[in-house]
Amino acid sequence: MNPTWAEENLQTIRTLMENTTVYRRALTPIMLTLGGVGIVAAVAGAVLRIGLQSFWWYWIAVAVVAVGLSFLLARRQALRDQEPFWSAPTRRVAQSVAAPLAVGAILTLTARYDATLIVGIWLLLYGCALRATGFFTIRGVGELGWLFIIAGGLFLAVTWRSEHVLTTGLAHGAMGVCFGGFHLAYGLYLAASKKS
């Protein structure tokens, strides 16, 4: 056995273990924030009766706000901990989510007035993006991705060929339960497991 090879592997393992702690610490406030934004946006969309014509614009605006808040939280934590924000792991995560999110954006433009299709597409492709980031972050992120994929598949299976027209309230509700509820539940799990 080459001593240099063993030392490099040990260093890689240490780095991965340190990154797991960093990701867990960074993800907790981000997941809680995303969950809160998703639930508030779903309730506001239903109360304001944002219709199918505006549904996709509304949720894209919500996504921009959520991504912006996530960026600010991650940036603040990086500055507080004196760590680089745009590190090699961050670049890998960004690259891994780029393709599924780009496909989601393209498909949204083609199906923008079909809330059923849009919600299903967003759930499925966001789940794929989380699965991809799961290879670089903590294990639970990939499992959360599977939850989104299953929810998207079930949503499409139940609503796509239904004789009933999807109401905007149901569309906002699905976004609130999935994007808001799933993130909030995972954030609470991270917060609780960090203390134990």
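**Entry 1: Val 119**

I started at Val 119 and skipped its neighbours within four places in sequence; what remains in contact with Val 119 is Phe 55, Phe 155, Ala 171, Ala 174 and Met 175. A reminder to myself: this is a predicted model.

**Entry 2: the core around it**

Next I looked up the largest nonpolar core, which has 39 residues. Which of them touch the most other members? I noted Phe 55, Trp 59, Val 119, Trp 122, Leu 123 and Phe 148. So my starting residue, Val 119, is on that list, and so is its contact Phe 55.

Then I checked where the core residues come from. Helices α1, α2, α4 (115-133), α5 and α6 (168-195) each supply at least two of them. Which helix gives the most? That is α4, with nine residues.

**Entry 3: the whole protein**

I stepped back for an overview. I count six helices and zero strands, and the order from the N terminus on reads α-α-α-α-α-α. Of the 196 residues in the protein, 40% are buried. The exposed surface comes to about 11,400 Å², and carbon and sulfur atoms supply 69% of that.

I also looked at how far apart in sequence the touching residues are. Taking contacts between residues at least 6 apart, I find that 77% join residues at least 24 apart.

**Entry 4: helix α5**

I picked α5 because it holds Phe 148 and Phe 155, both on its list of buried residues, and an α-helix has a regular turn to compare against: 3.6 residues, so residues three or four places apart point the same way. Helix α5 covers residues 139-159, 21 in number. From first C-alpha to last it reaches 31 Å, close to the 30 Å expected at 1.5 Å a residue.

Which residues of α5 are buried? I wrote down Val 141, Gly 142, Leu 144, Gly 145, Phe 148, Ile 149, Ala 151, Gly 152, Phe 155, Leu 156 and Thr 159.

**Entry 5: Arg 49**

An odd one next. Arg 49 has phi near 55 degrees, a positive value in a residue other than glycine. Where does Arg 49 sit? I found it in the loop between α1 (3-47) and α2 (52-80). Buried or exposed? Arg 49 counts as exposed, because its relative accessibility is 71%, above the 50% cut-off.

**Entry 6: how far to trust it**

Last, I looked up confidence. The mean pLDDT of the protein is 82, and 83% of its residues reach 70 or more. Confidence is lowest in α1, at a mean of 75, and highest in α5, at 91. Where pLDDT is low, the predicted coordinates should not be read in detail.

Definitions and conventions
Residues are numbered from 1 along each chain as its sequence is written. This is a predicted model: local features need pLDDT of at least 70, side-chain atom pairs count only at pLDDT 80 or more; totals for chains, interfaces and linings use all residues. Side-chain values use heavy atoms; hydrogens and water are left out. Helices (H or I, at least four residues) and strands (E, at least two) are DSSP runs, numbered from the N terminus. Buried means under 20% relative accessible area, exposed over 50%, partly exposed in between (1.4 Å probe, protein chains only). Contact means heavy atoms within 4.5 Å. Accessible areas come from the Shrake-Rupley method with a 1.4 Å probe; for residues, only the protein chains shown count as cover. The expected span of a helix is 1.5 Å times one less than its number of residues. A nonpolar core is a set of buried Ala, Val, Leu, Ile, Met, Phe, Trp, Tyr and Cys residues joined through side-chain atoms within 4.5 Å. pLDDT is the predictor's confidence in each residue, from 0 to 100.
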